[in-house]
There are 2 protein chains.
Amino acid sequence: MNTPAEIPAIPAVILVRPQMGENIGAAARAMLNFGLDHMRIVAPRDGWPNPAAVAMASGAGRVLDGAQVTADVAQAVGDCTFVYATTARPRDMTKPVFTPEAAMADAHARIKAGQRVGILFGPERAGLENDDIAQANAIISVPVNPDFASLNLAQCVLLVGYEFMRQRATVAPVQDGLAGTDWAQHAEIEHLAKHFEERMDVAGFFFPDHKAQSMKTNLRNMWSRLPLTRADVQMLHGTLRQMVRWKERG
Amino acid sequence: MNTPAEIPAIPAVILVRPQMGENIGAAARAMLNFGLDHMRIVAPRDGWPNPAAVAMASGAGRVLDGAQVTADVAQAVGDCTFVYATTARPRDMTKPVFTPEAAMADAHARIKAGQRVGILFGPERAGLENDDIAQANAIISVPVNPDFASLNLAQCVLLVGYEFMRQRATVAPVQDGLAGTDWAQHAEIEHLAKHFEERMDVAGFFFPDHKAQSMKTNLRNMWSRLPLTRADVQMLHGTLRQMVRWKERG
């Protein structure tokens, strides 16, 4: 539970399984150029703290000092109410795909409405996996030259940070009338998705076996796309528990 | 003199007295990410060609192959009709100072009108000298965090290239990535909401009686607020049917 005063006015930059310490340090510099100093790091390959990251960060060392390290993506985004995933190529995930420009306009509006937002950046080379992206609410895709797309991690962070800064002066007022809504946090959605999946598993919904995984992914993507409130989540948990009671009554 | 057909539809990126070959190669990569492949190099410190530049450019080697090397800025911008100079800090030069955004909007308009434009980028560390800037028509200043401004050469090229591309893209309507999504129609959502309510009614979810109506209203409000696809709706109907089968198995 966070009071509005505790919600940062900037997105969390979340580096997922970064490999080279140098790239973590370069990302910290890219962030600080545009006033972003809230970093989270998921399962860094070479552990943490990382001297190579510190050396590269140079004047941006305080971004690293304040970085929160977590074991998995779910923990890193647990307190976020809206999560963007950056991807180099389009994925068929039935999520909104934003340009950096549209995404950061959206982020400004959400932050102004009291939401806590995070942006996932994948590891060098491979990028985010589908399981990472399934936990995001929307995708950010930088429209690079299709014949030459070579953005590195820090450059991708730089462009997103640039867009956040660029649009700071021109934030549109929130118009959706949902300001003040008690949106569910990511960890709560995750918990609901798991609960639902477990119930459906017991009920034999995931059939036949060879389709089970894609059915589960579809369900997970649906939950992460839906704008659920805390009350919605509690109500849906309640319906699942009630189905069990109904069954047990025989 | 060039006929309009010979005027490139992109600005020339002009690196002035670059020092490290690696940075020239990195600038070539940054350019090509956004479709800029017209490079000019003024008095490179380590001569030309530069093996370190080639190694770093990797897939963007053709930008280096086509680069024109000149001895001074005047030669490099000789055929340009409008020249921008990038600077990290404001200079008192009585020239218009543009953000990258405003500058690239201006560049698009000029190119469309048949002008040939160039953008000067200074050497690492020192940046452009006043004599270089004096040859430009306008200044581009990237609005970075005043407490931490650490853009390197390739990053500066990247941001300007990004803005040039971004504003070319705004000519065409921007898609949100969900165009073509098969959204459920209102009647289908209504049908799902009813199905869900019936199942929960049978399961005894709406208890106690005096709260039943408000619980039903909350559920109905939730369904009408969620952006569900047809596939989502079918999947959710399926989960409800499966709960019945599960119950009937006893």
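In this predicted model, chain B and chain A bury about 5,200 Å² between them, and carbon and sulfur atoms give 68% of that area. Three residues stand out on the chain B side: B:Phe148, B:Trp246 and B:Lys247 supply 14% of the area that chain B buries against chain A, more than any other three residues. As for head counts, the contact takes 59 residues from chain B and 58 residues from chain A.

What sort of residues make up the side of chain B that touches chain A, and which elements do they come from? Six helices of chain B each give two or more residues: H1 (21–33), H5 (100–112), H7 (153–169), H8 (186–203), H9 (209–225) and H10 (230–249). Of these, H10(B) gives the most, with 11 residues. By character, the residues on this side divide into 34 nonpolar, 15 polar and 10 charged.

The interface has its polar and charged links too. Across it there are 21 residue pairs in polar contact, both partners being at pLDDT 80 or more, along with 5 salt bridges. One salt bridge brings together the side chains of B:Asp232 and A:Arg225, at 2.4 Å from N to O. There is also a network of salt bridges that links A:Glu101, A:Glu163 and A:Arg166 with B:Glu101, B:Glu163 and B:Arg166.

A:Gln242 gives a close-up of the contact from the chain A side. This residue sits in helix H10 (residues 230–249) of chain A. Leaving out residues up to four places away in sequence, A:Gln242 touches A:Arg249 and, over in the other chain, B:Ala203, B:Gly204 and B:Phe205. Is A:Gln242 buried or exposed? With 9% relative accessibility, A:Gln242 counts as buried.

Aromatic rings come next. Over all chains, the search turns up 11 aromatic pairs. Take A:Phe34 and A:Tyr162: their ring centres are 5.8 Å apart and their planes stand at 70°, so this pair is edge-to-face. A:Phe34 is in the loop between helix H1 (21–33) and strand E2 (39–42) of chain A, while A:Tyr162 belongs to helix H7 (residues 153–168) of chain A, so the pair ties together parts 128 residues apart in sequence. Both rings are tucked away: A:Phe34 is buried, with a relative accessible area of 2%, and A:Tyr162 is buried as well, at 1%. The two also belong to one aromatic cluster with B:Phe34 and B:Tyr162.

Another edge-to-face pair is made by A:Phe196 and A:Trp223, at 5.1 Å centre to centre and with 70° between the planes. Here the link runs from helix H8 (residues 186–202) of chain A, which holds A:Phe196, to helix H9 (residues 209–225) of chain A, which holds A:Trp223, and the two residues are 27 residues apart. A:Phe196 counts as buried at 7% relative accessibility, and A:Trp223 is buried with 3% relative accessible area.

Salt bridges number 32 over all chains. In chain A, the side chains of A:Asp132 and A:Arg17 meet in one, at 2.7 Å from N to O. This bridge links distant parts of the chain, with A:Asp132 in helix H6 (residues 130–133) and A:Arg17 in the loop between strand E1 (12–16) and H1, 115 residues apart. The partners sit in unlike surroundings: A:Asp132 counts as buried at 5% relative accessibility, whereas A:Arg17 counts as partly exposed at 26%.

A:Asp37 and A:Arg62 form another salt bridge, their closest N and O atoms being 3.1 Å apart. A:Asp37 is in the loop between H1 and E2 of chain A and A:Arg62 is in helix H3 (residues 61–65), so the bridge ties together parts 25 residues apart in sequence. A:Asp37 is partly exposed, with a relative accessible area of 32%. By contrast, the bridge between A:Arg110 and A:Asp106, with closest N and O atoms 2.7 Å apart, stays within helix H5 (residues 100–112) of chain A, where the two are 4 residues apart, about one turn of the helix. A:Asp106 is buried, with a relative accessible area of 19%.

Last comes A:Ser141, in the loop between strand E7 (138–140) and H7 of chain A. A:Ser141 is buried, with a relative accessible area of 18%. Apart from neighbours within four places in sequence, A:Ser141 is in contact with A:Thr87, A:Ala88, A:Val97, A:Phe98, A:Thr99 and A:Pro100. A:Cys156 is 15 residues away from A:Ser141 in sequence, and the two are 9.8 Å apart in space, C-alpha to C-alpha.

Methods: Residues numbered from 1 in each chain as written. Chains lettered and ligands numbered in written order. Heavy atoms only, no water. Contact = heavy atoms within 4.5 Å. Buried area = accessible area lost by both parts, 1.4 Å probe. Salt bridge = Lys/Arg side-chain N within 4 Å of Asp/Glu carboxyl O. Polar contact = N/O pair within 3.5 Å; in protein donor to acceptor, adjacent residues only side chain to side chain. Nonpolar A, V, L, I, M, F, W, Y, C, P; charged D, E, K, R; others polar. Phe/Tyr/Trp six-rings, centres within 6.5 Å; stacked < 30°, edge-to-face > 60°. Buried < 20%, exposed > 50% of the residue type's maximum accessible area, 1.4 Å probe, protein only.
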